[in-house]
Amino acid sequence: MPLRKNDLAHWWNRSPDGQLVVDEGGHVLAINRTLADWFGHRAETLLDRHASELFTPSARVIYLGLLDFRLANQGRADEIHLELDLAEAAPLPVVCSAVRLAYQGASLTLLALTPIPRKHRLERELLEARQATARALREKDAIIAELETLGALLEGRRAELAQLDRRLDHRATTDPLTGLPNRRRLDDTLELLFAAAERHHAASAFSLALLEIDHFEALSERHGRVHGERVLETLADLLRATLRLDDLAAHLDGAAFVLLMPHTGPTAARTALERLRRAVERHPWSPDPVTLSIGLAGYRPGDTPGSLYQRADQALDAARRDGRNRVVV
């Protein structure tokens, strides 16, 4: 059944979209009932007004700029977001589509406005999400900064502990009076020298010397304990100044010192020890001179620390018997 003119008007008024017709000057010629219902009692004032006045100020700029531009150049405009100014209610977000039509010699524009009530809610949710993200990023930055501070603190503590470990290790392996290595470090080094010698045989030969200050007990009794300690400290300084970098001199107790000489056979070791003995003898000791007796033993295949110490001790006894202040192999 063909639709009558009045039927078309009826369906136009019942459209779910707000619709209006605008003349060439941009003034409202007609609105459907849907649009009139949105504006309520203001609907009767919309006719003959410029269509841009239906929108909020910010949306009016888009209407007069973008929408008019597209109509002038393309004859239509699709899905432009605007906001109706309902005055007594919150602005109503709409999607506006428009088409320019020729009618009885005039150029008219039909606008269809589809409400998007979720727009504000979505924008608000988006804003809240952005704010939450910004807060999370700030919290993350704060946590990272806190972790970095904690990491720096832990690194500082680790460095302090490492330094403390080094100090404790140094104390555990150092004679407190002379500053030379003690028996513990001596034994550790001797164990390494034996392991290298057993692997590489003659290529890793080494020598061990026992050093003793001549008549040290009598010297201490004559001039006192403090003077005896000064003699030990001075002798330690002479050892450090005279010996090679690889050599290790250790203070055992009293007047007894041990010297390890890596990669050095008895012949070369004796030359170095004679140089040390003369340096001690020529030092300006006061009030009494100080001399050294030295017993030297070179590593032999099959040696143990005990056998090496025994030969060096026997050589030291020989140095004492022969008048002291000498090196005996």
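1. A helix crossing is called right-handed if the near helix is turned clockwise from the far one by less than a right angle, and left-handed if anticlockwise. With that in hand, take helices H7 and H8 in this predicted model. Their crossing is right-handed.

2. Start with the overall picture. The protein has nine helices and ten strands. It has 329 residues, and 38% of them count as buried. The accessible surface comes to about 19,600 Å². Carbon and sulfur atoms hold 55% of that surface.

3. Next, contacts along the chain. Take the contacts in the protein with a separation of 6 or more. Residues 24 or more positions apart account for 53% of them.

4. Back to H7 and H8. H7 covers residues 225-242, and H8 covers residues 266-282. Their axes come within 10 Å and cross at roughly 140°. That makes H7 oblique to H8, because an angle must be over 145 degrees to count as roughly antiparallel.

5. Which residues of H7 and H8 meet? H7 brings Leu235, Leu238, Leu239 and Thr242. H8 brings Leu276, Ala279 and Val280. By class, the residues of this contact are six nonpolar, one polar and no charged.

6. H7 also pairs with helix H6, residues 216-223. Here the axes come within 6 Å and cross at roughly 135°. That makes H6 oblique to H7.

7. The contact of H6 with H7 can be listed by residue. From H6 come Phe216, Leu219, Ser220 and His223. From H7 come Arg225, His227, Gly228, Val231 and Leu232. The classes are four nonpolar, four polar and one charged.

8. Look at histidine 227 on its own. This residue lies in helix H7. Is histidine 227 buried or exposed? Its relative accessible area is 8%, and buried means under 20%, so histidine 227 is buried. Leaving aside neighbours within four places in sequence, histidine 227 is in contact with Leu219, Ser286 and Pro287. Leu219 is one of the H6 residues in the contact with H7.

9. A further helix pair is H5 and H9. H5 spans residues 183-200, and H9 spans residues 305-321. The axes come within 11 Å and cross at roughly 110°. Angles of 65 to 115 degrees count as roughly perpendicular, and H5 and H9 are therefore roughly perpendicular to each other. The crossing of H5 and H9 is right-handed.

10. What meets what between H5 and H9? On the H5 side are Arg183, Leu186, Asp187, Leu190 and Phe194. On the H9 side are Pro305, Leu308 and Tyr309. This contact divides into six nonpolar, no polar and two charged residues. Arg and Asp count as charged, so the two charged residues are Arg183 and Asp187.

11. Last, a residue in a strand. Leucine 101 is found in strand S4, residues 92-103. Its relative accessible area is 42%, which makes leucine 101 partly exposed. Not counting residues up to four places away in sequence, leucine 101 touches Ala106, Ser107, Leu108 and Leu110.

12. Leucine 101 can also be placed against glycine 75. The two are 26 residues apart along the chain. Their C-alpha atoms are separated by 8.2 Å.

Terms used:
Residues are numbered from 1 along each chain as its sequence is written. This is a predicted model: local features need pLDDT of at least 70, side-chain atom pairs count only at pLDDT 80 or more; totals for chains, interfaces and linings use all residues. Side-chain values use heavy atoms; hydrogens and water are left out. Axes are lines fitted to C-alpha atoms, for helices over the stretch in contact, and angles run from 0 to 180 degrees between N-to-C directions. Helices (H or I, at least four residues) and strands (E, at least two) are DSSP runs, numbered from the N terminus. Angles under 35 degrees count as roughly parallel, over 145 as roughly antiparallel, 65 to 115 as roughly perpendicular and the rest as oblique. Contact means heavy atoms within 4.5 Å. Buried means under 20% relative accessible area, exposed over 50%, partly exposed in between (1.4 Å probe, protein chains only). Accessible areas come from the Shrake-Rupley method with a 1.4 Å probe; for residues, only the protein chains shown count as cover.
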